[in-house]
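Reader: Could you take a close look at one part for me, the aromatic rings and what sits around them? I'd like it as one connected walk-through.

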Amino acid sequence: MDRIDRFVAYSELVGNVNTIIPAAEIEEEVGKGTAQKRYVKAHRFGLEPLQPDIDEKGINEAVVEADYAIAETGTVVLDSADEKLRLATCLAEKLTVLVEGSRVKEKLEDVVDFLEERSRKENGYIAFITGASRTADIERVLTIGVHGPREMQVIIVEDM
Amino acid sequence: MKKLRDRIQEKLNDKILHDTLKNFASSYKVSRDSAFKGLDFEALRRQVNSLKELSRMDVEDLFHQFKENVEEHGTQVYRAQDGTDANNYILDVCKKHSAEYIVKSKSMTSEEIKLNDALEAGGVQPVETDLGEYILQVSKDHPSHMVMPAIHQTRGQVCDIFTEHFGKEICPDIEEMVGVVRHYLRDYYFKAGVGITGANVAVASTGTIGIVTNEGNARLCTTLPPVHIVLLGYEKLVRNFEEAMKVLRVLPKSATGQIISTYVTWIKGRNPSFKSEDGLKETHYVFLDNGRLEYLEHPTLKEALKCIRCGSCANICPAYEMIGGHVFGHIYIGAIGLIFTALFHGEQAAREILNLCLSCKACSHNCPAGIDLQHLIGELKLFFGGKFGVSPLKKAVYSSVLAKPTVFRGLMGVGSVIQTPFITKNRKHLRLPLPEKRAFQIPPSVKRPTFTDLARGQTGATSAATSRVFFYPGCAVEYFYPNMGIALMDLLGRAGVRVDIPRISGCCGLPATFGGDRKSAEKIIHTTLNYMGHPDDYDAYLVLCPSCGVAIVEQFENFAKKDHVLEEKAKKIAAKTKSLSTFLEASAVKFRAGGNKKVTYHTPCHLGRGLKTTAEQYLSQLLGERFVPLKDTDVCCGFAGSYSVDFPGISSGILGKKIEHIKETGADMVVTDCPGCIMQIDGGVLNNDLPIKVLHLSDFLANLEIVRD
């Protein structure tokens, strides 16, 4: 199984929707969301940034770009030192993450250099995210959306 | 507090708890195994064990590295000597910020020092945000599992708790209840003046902590309030991210059977915070000692600090499965809980509960940090035995009877006469007038002549022997099951193997070491070793009781250290000690198995995880389709020597599950490799009137024809 297939398999395991598309279809794919309150930060993919106010009511959707993805666990890696981005990804009902196929790495160890480099600075906040917020604290029954997002989509963009 | 016996009984009577933990144990194993599929678990845990192999000096170095990395950018690092010190520091920070509420994500370290009580007493209201912890906080309860703190509560019970707490009718639908809590706690993240979290790892090379959660509550606790306090023990320090990834690879898989937890958050220092005056979050890292640094200098106990808090030692513990974490543990739970209780919460809290360990080694076998938990529990028992003494009756048995084989033999002779009125028709068992709770066991009668009486003069094959072995019978074969030993002599004799036996059969010392009596164990082992011939004369030392085998392999050398010659002998014998099936597999002896009876096999704990072998494969190859695998074959049968007398309720409960699995196989025969397991399982079979024969592998094989090439 290649890297991307492996990533998708593990990402599906936690209930994520995964889409693999060419760059030309990004606008259309992301535009599908009809969310009213939407945070967007995905410069690399040429998306227009959107920064709504965020309070305890949360927002409908956060669309962000991942720094990396990890195939062995189906994880996306997001530098979240930006407070607004952190709030948006914590408090959105739906989290949509874009990542280029070339940024999908095989193993956890493959992002160590990135973690090390970003943590050399005076501060750092990097999130590994693998699926929607969940709990199994009552009778071990899996329940989605206990504090954070209830849905997650990963859009893998084919490299040029 | 109530007596341990009563607390156990209360849990044994709790049918809901029983079913919950039973279902959990079986589903956990499935998901854990599937999470580790394709990975080399042994290699992974060796890595974790070795990266956590840190001396006190190493930890001091890592701590200073961590500290420098964050302090230079304005984070405050505090070294708390103990719980009170940490609590006071944290309370001071909360008060300085006039925080009315603080939000907390799950931290066992905060449970260890009872942080919530200290905060409340200081006028600050902590709000637990992990759902399980929140349920417990609202109901003034405490965790019964390190990862799933409210596992002892059912949805109905949670519904009652919430209905009372929120003062309105809450529907017992899990999704709905989760929704209510989501809505309710959201406000608190915004209201809170301080967020408190623990840490799963602390990366020294950069000064970064890693927090693993599924709910996302730690992210909110570390994002919204203007102040973040991290409470962590020194043992969370790792050198770099490379090492952190090794911990992360095993932690969620062992904890919940997930490939990875939903959120892993790497935080360093003062991140932007719109609620803070200078726009940057105020951060405090509180490193808790509470004895840790000194334990790092202890040759054995330092192992315990390698724990990554996955909770899996509870998940696979048969005794935990019977009584849950409120009894099997104190604040920390499971096998590591018994150990941490001794380390952090004192002798008084630990002494009694250490005895709840069956010594089945399942925890050691499953620990993703490669900690031999059962060994540590054994060491602590010996320590407490040495310090506070062993119960007088047990002490007398260990030192005056087991250490003196001739006295033991004499007493067993008396026993063989006294028991006469209770012997069953087939002469095999005793029907003792036992109280109801002990009636699950049907003990074997004391046999006279004993094994060595019967076997004296026999040496198996005499002429043209292909190999020569020494058979160590142990007390069970010598006095209760001579037939098993005779069977072994007979079948090996037919196979052309010469078998020597000790002139006088001595005890292996295991009852004394498990009972915490080091002195008697030493005496016993010295005596027994003297009767074990010269290791150079033998190809193998065979045992039919794997517990004796474990004693020989793991303990003889340690307990013979005072006598160099004996120590060398113990070492050589240990290297040659084998179970019957291991010996046969490596030999040229082949059997022919006729008939049509279905056979299943129970793997004794001390065979599977002690001598690290099982006859399952051997029998399966020998019997083909007649062999039916037993579900959970390597899970303890509940016997564990005097455990079954000390904790009859737990022992019979575990046996009940074993019998259930045996019934499911539809087998006519249960073969196993341990006299203790036979006694326990036979009792279960007889009491359930099952038409199933329980026998030792040696007895089973003795009835088969040997095939000659």
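Author: Here is a tour that starts with the rings and then moves outward.

Some ground rules: this is a predicted model, where local features need pLDDT of at least 70, side-chain atom pairs count only at pLDDT 80 or more, and totals for chains, interfaces and linings use all residues. Residues are numbered from 1 along each chain as its sequence is written, chains are lettered from A and ligands numbered from 1 in the order in which they are written, and side-chain values use heavy atoms, with hydrogens and water left out.

Over all chains there are 27 aromatic pairs. Rings of Phe, Tyr and Trp (its six-membered ring) pair if their centres lie within 6.5 Å; planes under 30 degrees apart are called stacked, over 60 edge-to-face, and the rest tilted. Take B:F66 and B:Y285: the ring centres are 5.6 Å apart and the planes meet at 45 degrees, so this pair is tilted. B:F66 belongs to helix α4 (residues 56-71) of chain B and B:Y285 to strand β10 (residues 282-288) of chain B, so the pair ties together parts 219 residues apart in sequence. (Helices, H or I with at least four residues, and strands, E with at least two, are DSSP runs numbered from the N terminus.) Both B:F66 and B:Y285 are buried, where buried means under 20% relative accessible area, exposed over 50%, and partly exposed in between, with a 1.4 Å probe and protein chains only.

Another tilted pair is B:Y332 with B:F344, at 6.1 Å centre to centre and 55 degrees between the planes. B:Y332 sits in the loop between α15 (318-323) and α16 (334-344) of chain B, while B:F344 is in helix α16 of chain B, so the link spans 12 residues in sequence. B:Y332 is buried at a relative accessible area of 0%, and B:F344 counts as buried at 10%. B:F344 has another partner too: the charged end of B:R292 sits over the ring of B:F344, 4.4 Å from its centre. That label needs NZ of Lys or CZ of Arg within 6 Å of the ring centre and within 35 degrees of the ring normal. In chain A, the charged end of A:R103 sits over the ring of A:Y68, 5.7 Å from the centre.

Ring pairs also build a cluster from B:Y101, B:Y134, B:F162, B:F166, B:Y184 and B:Y188.

Now for a phenylalanine at the chain boundary. B:F274 is in the loop between β9 (263-268) and β10 of chain B. Setting aside residues up to four places away in sequence, B:F274 touches A:E83, A:L87 and B:L224, where contact means heavy atoms within 4.5 Å. B:F274 and B:P225 are 49 residues apart in sequence, with their C-alpha atoms 9.2 Å apart.

The contact between the chains takes 52 residues from chain A and 65 residues from chain B. Chain A and chain B bury about 5100 Å² between them, 55% of it on carbon and sulfur atoms; buried area here is the accessible area (1.4 Å probe) that two parts lose on being put together, summed over both. Five salt bridges run between chain A and chain B, each a side-chain nitrogen of Lys or Arg within 4 Å of a carboxyl oxygen of Asp or Glu. One of them joins A:E109 and B:R249, with the closest N and O atoms 2.6 Å apart.

Back inside chain B, helix α3 (residues 41-51) has B:F41, B:L44, B:R45, B:V48, B:N49 and B:L51 buried. Their cover includes α2 (15-35), β8 (237-238), α12 (241-256) and α18 (362-366) of chain B.

Two serines also have aromatic contacts. B:S312 is in helix α14 (residues 312-315) of chain B and counts as buried at 3% relative accessibility. Leaving aside neighbours within four places in sequence, B:S312 is in contact with B:Y28, B:S254, B:N366 and B:P368. B:S651 lies in helix α33 (residues 648-665) of chain B and is buried at 0%. Beyond residues up to four places away in sequence, B:S651 touches B:F440, B:C637, B:G638, B:F639, B:S644 and B:Q680. The C-alpha atoms of B:S651 and B:G638 are separated by 4.5 Å, though the two are 13 residues apart along the chain.
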